[in-house]
Each structure stands twice: as structure tokens, then as C-alpha cells.
Amino acid sequence: MRRSLNTALISLALLSACASPVPSDSTSPSQAGRGAASLPPVVGAGTAEQPPAAPPTAAGTEGVEGLPACVPSTEVCDGVDNDCNRQVDEVGCACTPDTACFAGPASARGVGTCRDGARACDELGETFGECVGSVGPQPEACDDLDNDCDGAVDEGCPGTEPPAAPPPSSAPECALGEATGVVCAPDGSAVAGARVSAETMDCDGRVARAEALTSADGHFTLRGLAGGPVTLVIEAGQFRQERRVVVAAGGTTSSDAAGQSACLARDAAKIAITTGDFDSIESIVADLGFEADVYCGDGDETYGARALFGDWARLSTYDIVFVNCGLGVSFDGQEGRAMVSNLQRFVEQGGSVYVSDLAAHVIASAWPNQLEFAADSGGGGEDDPCCTCVNCPAECGA
């Protein structure tokens, strides 16, 4: 899980209007939160939820003689133990009742006698329970079935002979290819420093991982790929998506060919934005082409932001929260403590919070030891007219 606090001090000098939310094609339930009438009650301190318990372990195949070993990869919300730590979807995935799951390695899912099971949610509806009914790889039983789910039947049983190896002269020479492309935002802006990776096979038939970072203009070249279908995993901070390409053995394949663009999708990350008295981060996010849900947080119109911070079920559906300059939400009292608890939990479970400078009280309340906010008034006192970013007289040069 990602466990880092992302704090950026952003001052954009654009006035935000809560009545003009960012246009979005999303039809997620969180969009209903833009109107106060449809938002849930703000959770008080007495009802703040506790962090969920660790998910149950899943039966893996590591160390079981005769069965394929689990090959670690990045954990994703797909009902499979991708990272081989005997836990399924332990990345803060939203719990949906009766979700399909598989207790074995992803390569065996749906092969031979292996089949999915289902998971129930806990009493709070947040954490997945044990994967029930899943059948993973088993030792071959010489019963005309593929018990170990490797695509072969009764291998090693009496009376079965391995296929004859082709003559050495007919073995094709290993020829690895490469994939190229450009990672960009939905509006076409280049994304530098994005990580592009893929799982492939080397010339000895072993699982290998290819990885590259995008350059300043968003370009990447992923080398050492076996010919055939390959899934490119594109990650830029909290933004993540996959692209399927067919690599030419010994050649170069562009991810932009045949409409297979590596640009991030509009919904590559789930974004929430709270308005403030200044700035308009929502406008920048919209200009980049990303979808976002906007919650009122400026002046006296703070119900939306308070409902977002105070409702864990709603907050946990997002990957990123942006807070505009001049947020009017107070974190005092029972309501404030509940919001602080939810924000801390959000970051602990991999979420990112970006806060403008004149909303630094969000960081000071939730993470008091993480940030020291310093302001230099230039020698003026408390009544110095140049110590404010609002209605500055001309001599202040603002």
C-alpha cells in the first residue's frame, strides 16, 4: 500500500465559484454530493469509524511441490493475490458483496479445475471477508483432469510421455522486441516521469519485468519484451491505467498505433476538490481533461466539504483530494475530530491530499508534526495592509 503524505503548496490566484462545478461525464454516486440536499449527514466524533482489520490471508501455492509458484506483481483490485503475500485486494479496494475472488496465482485462474469463489463484506461493509468456494491448483491426480491448472492433463502420470523436443536446428532464435509511446494527460499535455512497466518472458522462458520512465516530452521505450500481446501498466502518482499492445518479435511497436494511445484516461484517478475563497484548482484539472467532483468549502457554504471529510464511505472512494486556498472548514470540536480522523485514515490507506497555502490548517490539524507553515510579513505588524492577499492596496505591489 502507498503510505505517503503528498502535500503541495499551490497558489493559483483564481477565484473559485462553488455554483460552477467542473463538468464531468462521471455518473458516480459522489457527484450527487455537489448539492447540499443530497449529501449525507456529517459524521460526528462519536461515530467515526475505526481503521479496518487486515484482510484474511488467501491460500497460495508457494512451496507446494509440483505446483507453479506465485509470481509477484503489483496488487490491483481484481480478486487475485497478485503480490503473493497471501492477501487478496489489500489495497483499499471498495468492498462489494459477493465479489468474485480466486485464492491461487492469477495465471491459474479459470484454467483446468480451478474456479472462482466469492467474498462477503464485513459488518461495516468496508472490508472483504475470506474468499469462500475458490478452488486453486492441486497436485495432479491422474484422472484426466488438469488438477494443477497449468494447461496440461495428467502430466507425470504412468503411461504419459512428454512431447518430443524439436530438433535443435528447428528451434527459433530468441528475438525480443520493444514498445514505444507517449504518456500524456487527456488534453494531450506530456507527462514526464511516469512509470511504464510490463511483465514478459526472457529468452530462457522465465518471467521478467521491463520498466521505463517517460522523458520530459512524455516519450518512453520499453525494451526486452517477448513477441505477442503485452499489457503496459502506466503509473503517474495516483493515476494508473493499462494498455494492451501486440509486440513484434525483434521489432518496435508503437503504443499509439491503431488507437492504442498511452494517454491517461479522464477517470485514471478519482478526484475530489473542495472550493475556497481563492484559487480554482478545479479549473486546472478540467483543462487537463480529468474528471473531478467539486464540494463547496468557501465562505459560509462549507456543508459539502464537511460532508466529504466527515463521511468515510464517501471520502474512501477517492484517490486524490485537492483543497483550494481559503477553505472555510473548522476542525474544532467533535465534528472536526471526526474529519481529522477520516483524513488521517485516507492518507494511511494510500490517498493523496494536496493543500493550498491559505488552507494549511488542514495539514496542521491532521498532521501537526509534518509541516511548519512560515509567513514573512516583510517587517510589518498585524495591521500591515500588505500582509494579506485580499484587497491589497496598489503600493503593496500585489
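Is glycine 110 buried or exposed? Select glycine 110 in this predicted model. Glycine 110 is exposed, because its relative accessible area is 61% and the cut-off for exposed is over 50%. The residue sits in the loop that runs between strand 1 (99-101) and strand 2 (117-119). Now add cysteine 149. Its C-alpha atom lies 8.1 Å from that of glycine 110, although 39 residues separate the two along the chain.

**Whole chain**

Zoom out and colour by secondary structure. There are five helices and 13 strands. Of the 398 residues, 39% are buried. Switch on the surface: the accessible area is about 20200 Å², and carbon and sulfur atoms account for 53% of it. Consider contacts between residues at least 6 apart in sequence: 60% of them join residues at least 24 apart.

**The sheet**

Select strands 4, 5, 7 and 8. These four strands form an open sheet, ordered 5-4-7-8, with antiparallel pairing. Strand 5 and strand 8 are the edges, each pairing on one side only. Look along the sheet for its twist, which averages 25° from one strand to the next.

Keep strand 7 (228-236) and strand 8 (239-247). How many bridges join strand 7 to strand 8? Nine, with the two strands running antiparallel. For one facing pair, pick glycine 228, which stands opposite valine 247 of strand 8.

**The cores**

Next, show side chains at Val183, Leu222, Leu225, Leu232, Phe239, Ile271 and Val285. They have the most contacts inside the largest nonpolar core, a set of 31 residues. Several elements supply at least two residues each, including strand 6 (219-225), strand 10 (271-274), helix 1 (281-287) and strand 12 (320-323). Which strand gives the most to this core? Strand 7 does, with four residues. As a general rule for soluble globular proteins, nonpolar side chains tend to be buried together.

Centre on leucine 225. Leaving aside residues up to four places away in sequence, leucine 225 touches Leu176, Gly177, Glu178, Ala179, Ala198, Thr200, Ala210, Val230 and Val247. Apart from the largest core lies another, of 25 residues. To find it, select Val323, Phe331, Val353 and Val362, which are among its members.

**The salt bridges**

Display the charged side chains. Ten salt bridges are counted in the model. Begin with arginine 206 and aspartate 202, whose closest N and O atoms are 3.2 Å apart. Aspartate 202 is partly exposed, at 22% relative accessibility.

Go on to glutamate 235 and arginine 240. Here the closest N and O atoms of the salt bridge are 3.6 Å apart. Glutamate 235 is partly exposed at 23%, and arginine 240 is partly exposed at 27%.

Then select glutamate 291 and arginine 266. They form a salt bridge with a closest N to O separation of 3.7 Å. This pair links distant parts of the chain, 25 residues apart. Glutamate 291 lies in the loop between helix 1 and strand 11 (293-295), and arginine 266 in the loop between strand 9 (252-254) and strand 10. Is glutamate 291 buried or exposed? Glutamate 291 counts as buried, because its relative accessibility is 15% and the limit for buried is under 20%. Arginine 266 is partly exposed, at 30%.

Last stop: select Arg195, Arg209 and Glu211. A network of salt bridges links these residues.

Key:
Residues are numbered from 1 along each chain as its sequence is written. This is a predicted model: local features need pLDDT of at least 70, side-chain atom pairs count only at pLDDT 80 or more; totals for chains, interfaces and linings use all residues. Side-chain values use heavy atoms; hydrogens and water are left out. A nonpolar core is a set of buried Ala, Val, Leu, Ile, Met, Phe, Trp, Tyr and Cys residues joined through side-chain atoms within 4.5 Å. Buried means under 20% relative accessible area, exposed over 50%, partly exposed in between (1.4 Å probe, protein chains only). Contact means heavy atoms within 4.5 Å. Two strands pair if DSSP finds at least two bridges between them. Axes are lines fitted to C-alpha atoms, for helices over the stretch in contact, and angles run from 0 to 180 degrees between N-to-C directions. Accessible areas come from the Shrake-Rupley method with a 1.4 Å probe; for residues, only the protein chains shown count as cover. A salt bridge is a side-chain nitrogen of Lys or Arg within 4 Å of a carboxyl oxygen of Asp or Glu.
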